[in-house]
Amino acid sequence: MAHSPVLIGTRGSALAVTQTTTVAETLSDLGGFDVELVRVKTEGDINRAALSQIGGTGVFVAALRESLLAGDCDVAVHSLKDLPTAEAGGLTIGAVPARVDVRDALCARDALTLGQLPPGAKIGTGSPRRAAQLRAARPDLEIVDIRGNVDTRLARVAGLVDGGPGDLDAVVLAAAGLSRLGRLEMVSEFLDPSVMLPAPGQGALAVECRTADAAEGPLSRALAAYDDTASRLTVTAERALLARLEAGCTAPIGALARVTELGLSLEAVVCSDDGARTLRRYSSTSQVDEDGARALGIRMAEELLAAGAAELTELAS
């Protein structure tokens, strides 16, 4: 008897479909089952208002989670940085595949770097985290709030796409997304984490399923085989920090964990929206498991709060 295909839920954007297709093909190979993509429209795809006004990046996730719980799909693929830190009842992150490039990338006219952009140059981003760190590094630049998919944003940079006039001198995008779409030739500079710490979970995917389906069966085994331990540990530390700060995905907070020879390290920054004030901390642990990663994130959040992070932006006290 033929088995029904495993239904993989995805947002409809080119980037989402590209990364979901990769996940679907890998799970199919690992589990020996057929897969089928299910496109789901989310509030973030329909509503063009600023993310901070419509509920943060969780708006990209809710509809996919509803489809999972309703049984309209069996697996949902998210950019992990879009995933709220609160537990979702009945759902589990079944796999965190190997993380790719975590950095942010500057795509500027004339292949200019951040340091080469002239005073007053206009840089587009929809991320308060990127905006604040750009203002900290270059307070003389004009930061423009933008929305839209990768190609829409790139098209706004003068001369970057098809010689178009554009109204911006540069945009900042995730290197991971540009890589998945085959657009790395647009990058004029990969921004070092010392200048711009990425969003918690940036460069990683979350493959979410119903908790019951994570327990046993071919899908469960495929997800377990797909899970990358180092990637899960690093995003666990970063998301524990974000959760303890009770900050949304749009807060001006950067965090980057790394697995090292000595254990697990974590670096984080909290910025004021205008970038004038920043708090940066670095810490590590020798406990290289999920409990250790979670404890590291919470400890650093406590240190940031004790140092006055809640005075810089809207956080828990």
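This report covers two open sheets and the helices that pack on them in a predicted model.

## The five-stranded sheet

One open sheet holds 5 strands. Their order is β2-β1-β3-β10-β4, and the pairing is mixed. β2 (35–39) and β4 (91–95) stand at the edges. Each has a single partner strand, so one side of each lacks a neighbour in the sheet. From one strand to the next, the twist averages 35°.

Inside this order, β3 (residues 75–79) pairs with β10 (residues 205–210). The sense is antiparallel, and the pairing runs over 5 bridges. Ser79 stands opposite Leu205 in β10.

## Helix α3 on the sheet

Helix α3 spans residues 62–70 and packs on this sheet. Its contacts are with β1 (6–10), β3, β4 and β10. The direction of α3 makes about 165° with that of β3.

## The three-stranded sheet

A further open sheet has 3 strands in the order β11-β12-β13. Here the pairing is antiparallel. β11 and β13 (278–285) are the edge strands, and each pairs on one side only. With direction ignored, neighbouring strands are turned by 10° against each other on average.

β11 and β12 run antiparallel and are joined by 8 bridges. Within this pair, Ala255 stands opposite Ala268 in β12. Helix α9 packs on the sheet and touches β12 and β13. Its direction makes about 150° with that of β13.

## Helix α8

Helix α8 covers residues 229–244, 16 residues in total. From first C-alpha to last, α8 reaches 22 Å. That is close to the 22 Å expected at 1.5 Å a residue. Just after the helix, Glu246 takes a positive phi of about 50°.

α8 lies across β11 and β12. Its direction runs at about 145° to β11.

## Burial and packing of α8

Most of α8 is covered: 12 of its 16 residues are buried. The buried set runs from Ser231, Arg232, Leu233 and Thr234 through Val235, Thr236, Ala237 and Glu238 to Arg239, Ala240, Leu241 and Leu242. Charged side chains are thus represented in name by Arg232, Glu238 and Arg239, which are among the buried residues.

The buried residues of α8 pack against four elements: β4, β11 (253–260), β12 (263–271) and α9 (290–306). Of these, β4 is an edge strand of the five-stranded sheet, while β11 and β12 belong to the three-stranded one.

Note on methods: Residues are numbered from 1 along each chain as its sequence is written. This is a predicted model: local features need pLDDT of at least 70, side-chain atom pairs count only at pLDDT 80 or more; totals for chains, interfaces and linings use all residues. Side-chain values use heavy atoms; hydrogens and water are left out. Two strands pair if DSSP finds at least two bridges between them. Helices (H or I, at least four residues) and strands (E, at least two) are DSSP runs, numbered from the N terminus. Axes are lines fitted to C-alpha atoms, for helices over the stretch in contact, and angles run from 0 to 180 degrees between N-to-C directions. Contact means heavy atoms within 4.5 Å. The expected span of a helix is 1.5 Å times one less than its number of residues. Buried means under 20% relative accessible area, exposed over 50%, partly exposed in between (1.4 Å probe, protein chains only).
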